[in-house]
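Reader: I would like a close look at a single part of this model, with the cut-offs stated as you go. Please start from one residue and work outwards.

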Amino acid sequence: VDIIIAFDYCEMPHGRSPGAMHGDWQRCVRFCEKHHLPLPQIDAERLLQEPVVVLNGDETRGEPTLIIFHLFKVPGDPPDLFDPQENAAAGGFCSTASARYVTDDFDTLV
């Protein structure tokens, strides 16, 4: 595999970063290590700062390039911009318990 494209919608509780020991990204890293799956170095802080993160893999080690798209606000976004993470935490339509979107919900996301 040369490229992996990930749409990251991890519901990170406030105060818990992607670098948290029991966070989803660190669980992914541990899984890959355990199963000897090559993975580029995960820069957890970039995952919070950039809406799209490209982690270049090292071909000589068989690492794929990861392209990660986020569905949450990043620093610099306007304060009144819709925040899918806050919506999910409040049990809104972005919650993983919600199986449907209405047209207005979809329009809010795009």
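Where does Pro38 lie?

Author: Pro38 lies in the loop between helix 1 and helix 2. Helices here are DSSP runs of H or I with at least four residues, strands are runs of E with at least two, and both are numbered from the N terminus. The model is predicted, so local features need a pLDDT of at least 70 and side-chain atom pairs a pLDDT of 80 or more, while totals for chains, interfaces and linings use all residues. Residues are numbered from 1 along each chain as its sequence is written, and side-chain values use heavy atoms, with hydrogens and water left out.

Pro38 has a relative accessible area of 36%, so it is partly exposed. On this scale buried means under 20%, exposed over 50%, and partly exposed in between, for a 1.4 Å probe and protein chains only. Not counting residues up to four places away in sequence, Pro38 touches Arg61, Gly62, Glu63 and Pro64; a contact is a pair of heavy atoms within 4.5 Å. Asp58 is 20 residues from Pro38 in sequence, and the two C-alpha atoms are 9.1 Å apart.

His36 also has its place in the loop between helix 1 and helix 2, the latter spanning 44-49. The phi angle of His36 is near 55°, a positive value in a residue other than glycine. His36 counts as exposed because its relative accessibility is 71%.

Helix 1 (24-34) leads on to the packing of the chain. The largest nonpolar core has ten residues: Trp25, Val29, Cys32, Leu39, Ile42, Leu47, Val53, Leu55, Leu66 and Ile68. Such a core is a set of buried Ala, Val, Leu, Ile, Met, Phe, Trp, Tyr and Cys residues joined through side-chain atoms within 4.5 Å. At least two of the core residues come from each of helix 1, strand 2 (52-55) and strand 3 (65-70). With three residues, helix 1 gives the most. Leu47, one of the core residues, is in contact with Pro18, Trp25, Ile42, Val53, Ile68, His70 and Phe72 once its neighbours within four places in sequence are left aside.

Another core member is Cys32, which counts as buried because its relative accessibility is 10%. Cys28 is partly exposed, with a relative accessible area of 27%. The structure holds zero disulfides, a disulfide being a pair of cysteine sulfur atoms within 2.5 Å. Cys28 is in none, and the nearest cysteine sulfur to its own is that of Cys32, 4.4 Å away. From the side of Cys32, the closest cysteine sulfur is that of Cys28, and the distance is too far for a bond.

A second loop residue can be set beside Pro38. Val74 has its place in the loop between strand 3 and helix 3 (84-89). Val74 is buried, at 10% relative accessible area, whereas Pro38 is partly exposed, at 36%. Leaving aside neighbours within four places in sequence, the contacts of Val74 are Leu48, Gln49, Glu50 and Pro51. Between Val74 and Pro51 there are 6.5 Å from C-alpha to C-alpha, at a sequence distance of 23 residues.

For the chain as a whole, the elements run β-α-α-β-β-α-α from the N terminus on, which comprises four helices and three strands. The chain has 110 residues, and buried residues make up 32% of them. Among contacts with a separation of 6 or more, 44% are accounted for by residues 24 or more positions apart.

To return to the starting point, Pro38 is a residue of the loop between helix 1 and helix 2, and Arg61, Gly62, Glu63 and Pro64 are the residues it touches beyond four places in sequence.
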